[in-house]
Amino acid sequence: MDAVKIGLLGFGTVGRGVYRVLENHRRKIIKSCGADIHMEKVLVRDVEKYRNVFPNISDLFTNDPYQIINDPEIAIVVEVMGGVRPTFDYVIDAMKNGKSVVTANKDMIAERGEELFETQRNCGVDLFFEASVGGAIPIVKALKESLAGDEIREIVAIINGTTNYILSKMSLCSADYEETLREAQQNGYAEADPTSDVEGYDAARKLAILTSIAFNSRITFKDVYVEGISKITKIDIRYAREFNGVIKLLAIGKRTERGIEVRVHPTIIPSSHPLAAVNDVFNAVFVRSNAAGELMFYGRGAGGLPTASAVVGNIVEAVNNFLHRDRGRIGCTCYKREFLLPMEEIVTKYYIRLLVDDKPGVLASVAGAFGRNSVSIESVIQKRSMGEVAEVVIVTHPAKEKDLQNTVSLLKTLPVVRQIGNVIRVEGEF
Ligand code: NAP
Ligand code: HSE
């Protein structure tokens with residue numbers, strides 16, 4: 001029987017998962033490929049550490065990437081080491097040496113996708129990256145191939161498990177952000193440095209990848225407007241619930257008549273929206289397209305085995321393409337350059353929580369600030385009186401971001417406004 005040799009760059013959470021999935025499902029994979037998949041070498045930094053922990057495969061470990069990249073026997077390089085540098089150089093060199101590449105690396109694809117796909121095309125190899133978005137969820141292939149004949153209007157996604165876990169817990173336990181983050185770190189759900197997750201950067205990278213495919217136009221991390229969840233309080237969560245809503249960190253990509261919107265921010269959505277039921281560390285991608293209508297993809301967005309499921313699926317496809325001399329068939333699908341709508345031009349509804357003086361005429365002057373900036377108010381509720389101060393929650397009709405920001409600036413200058421508690425965008429019909 002043929003054996004196709006692969007080399008792994010990295011043997012951490014995902015790399016080990018890949019090894020286990022390949023071992024556990026070996027017989028099934030042989031049937032799917034008509035060939036065995038043989039792990040030939042594994043790149044790590046600290047070879048001795050890995051040799052001690054994995055004595056049965058100790059001779060596979062190397063700290064020289066070019067033992068894999070320059071090995072003529074290796075057909076497929078599986079990049080699960082992460083980071084942009086030096087990983088990008090290794091992947092480029094591997095493709096230039098005629099190897100197909102499977103990667104789980106959202107940072108590298110979101111930042112250097114264009115150069116990677118140019119090399120992939122020139123070299124006639126495969127470059128697959130299913131696990132870079134949504135872990136186990138087969139969303140890249142769905143957008144790139146299954147929906148290739150449709151036109152995607154909108155992607156609304158929960159693609160960061162850490163923040164979804166935190167927001168779900170805050171909602172369930174009426175807990176504060178800081179307290180929930182600490183608990184998530186203690187339980188291993190959040191990293192010691194949670195910045196990339198909680199500030200929305202991780203979701204923004206994944207959104208850049210999804211929207212590049214969905215809208216056939218290269219969108220990078222820098223193009224995405226990003227706002228994280230660190231300002232969300234349990235009070236906002238409680239008020240959202242009173243409107244029959246929940247707060248989620250949404251990654252939104254929309255095709256509008258004025259351009260493409262790409263944004264990541266906390267959003268209040270109706271509790272009837274399919275994404276409202278996505279809790280804990282789970283991810284989900286809601287897609288609206290012309291012909292298919294509404295679709296939703298749901299699953300585990302991280303973890304060794306779930307992520308490895310997507311990586312190994314790509315390896316099997318790359319092996320099949322290698323054996324059938326059919327590599328490079330599916331490359332970059334960014335064949336046009338769409339106009340990206342600046343954030344200040346987007347139109348959505350807003351929730352604004354204010355602390356104001358509790359005396360006659362205050363609501364009129366607050367409402368005036370909205371009116372002067374052409375922002376129409378849908379509802380105003382005075383929530384709590386605390387001595388001389390009252391908490392007021394305002395929900396607007398759809399308004400331009402620029403007008404809303406001008407309203408907030410004006411509110412800050414009003415003597416009756418003590419504090420702007422929070423401003424959260426609202427999507428959907430309540
Ligand atoms: P990880 O646990 O930190 O493992 C990284 C591995 O790569 C380690 O074996 C490390 O070796 C090796 N490595 C890193 N830099 C290296 C270098 N310069 N030279 C040689 N070896 C190097 O990472 P991970 O969680 O498996 O993530 C891997 C990739 O998958 C990342 O791109 C990540 O974004 C993506 N991903 C991860 C998940 C997840 O749930 N973890 C989900 C989806 C996608 P040493 O231990 O010797 O340093
Ligand atoms: N840190 C990511 C998350 C998982 O919390 O979803 C890896 O992409």
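These exercises, each with a worked solution, cover the ligand shells, strands and cysteines of the structure above.

This is a predicted model, in which local features need pLDDT of at least 70, side-chain atom pairs count only at pLDDT 80 or more, and totals for chains, interfaces and linings use all residues. Residues are numbered from 1 along each chain as its sequence is written, chains are lettered from A and ligands numbered from 1 in the order in which they are written, and side-chain values use heavy atoms, with hydrogens and water left out.

**Exercise 1. The shell of ligand 2**

Task: Which residues are around ligand 2, and how do they divide into nonpolar, polar and charged?

Solution.
- Start with the rule: a residue is near a molecule or strand if one of its heavy atoms lies within 4 Å of it.
- List the shell: Lys 106, Asn 160, Gly 161, Thr 162, Asp 197, Asp 202, Lys 206 and Ala 302.
- Assign classes: Ala, Val, Leu, Ile, Met, Phe, Trp, Tyr, Cys and Pro are nonpolar, Asp, Glu, Lys and Arg are charged, and the others, Gly among them, are polar.
- The shell then holds one nonpolar, three polar and four charged residues.

**Exercise 2. Polar contacts and cover of ligand 2**

Task: Which atoms of ligand 2 pair with Lys 106, Gly 161 and Asp 197?

Solution.
- Set the cut-off: a polar contact is a pair of N or O atoms within 3.5 Å; within protein, one must be able to donate a hydrogen and the other to accept it, and residues adjacent in sequence count only if both atoms are side-chain atoms.
- Lys 106 places a side-chain N or O atom 2.9 Å from a ligand 2 oxygen.
- Gly 161 uses a backbone N or O atom, 2.7 Å from an oxygen of ligand 2.
- Asp 197 has a side-chain N or O atom 2.9 Å from a nitrogen of ligand 2.
- Now the cover: alone, ligand 2 has 260 Å² of accessible area, and the protein covers 78% of it. Areas follow the Shrake-Rupley method with a 1.4 Å probe; for residues, only the protein chains shown count as cover.
- Two elements give two or more residues to this shell: helix H8 (161-173) and helix H11 (201-214). Helices (H or I, at least four residues) and strands (E, at least two) are DSSP runs, numbered from the N terminus.

**Exercise 3. The shell of ligand 1**

Task: How many residues are around ligand 1, and which come nearest?

Solution.
- The shell counts 21 residues, of which Phe 11, Val 14, Arg 45, Tyr 50 and Gly 303 come nearest.
- By class, ten are nonpolar, seven polar and four charged.
- Helix H1 (13-24) and helix H3 (47-53) each contribute at least two of the shell residues.
- Backbone N or O atoms meet ligand 1 oxygens at Gly 303, at 2.7 Å, at Val 14, at 2.8 Å, and at Gly 12, at 3.3 Å.
- The protein buries 78% of the 900 Å² that ligand 1 exposes when taken alone.

**Exercise 4. The open sheet**

Task: What is the strand order of the open sheet of six strands, and which are its edge strands?

Solution.
- Two strands pair if DSSP finds at least two bridges between them.
- The order is S3-S2-S1-S4-S5-S6, with parallel pairing.
- Strand S3 (61-62) and strand S6 (127-128) pair on one side only, as edge strands.
- Inside the sheet, S4 (residues 74-79) and S5 (residues 100-103) share four bridges. Glu 79 stands opposite Thr 103.

**Exercise 5. Strand S11**

Task: Which strands are joined to S11 by bridges, and do they run parallel or antiparallel?

Solution.
- S7 (residues 152-158) runs antiparallel to S11, through six bridges. Ile 155 has Val 287 as its partner.
- S12 (residues 293-300) is also antiparallel to S11, through eight bridges. Phe 282 has Arg 300 as its partner.
- A hairpin of three residues connects S11 to S12.
- Seven of the eight residues of S11 (residues 282-289) are buried. Buried means under 20% relative accessible area, exposed over 50%, partly exposed in between (1.4 Å probe, protein chains only).

**Exercise 6. Cysteines**

Task: How many disulfides are there?

Solution.
- A disulfide is a pair of cysteine sulfur atoms within 2.5 Å.
- The count is zero.
- For Cys 123, the nearest cysteine sulfur is that of Cys 332, 15 Å away. Cys 123 is partly exposed, at 27% relative accessible area.
- For Cys 334, the nearest is again that of Cys 332, 4.1 Å away. Cys 334 is partly exposed, at 22%.
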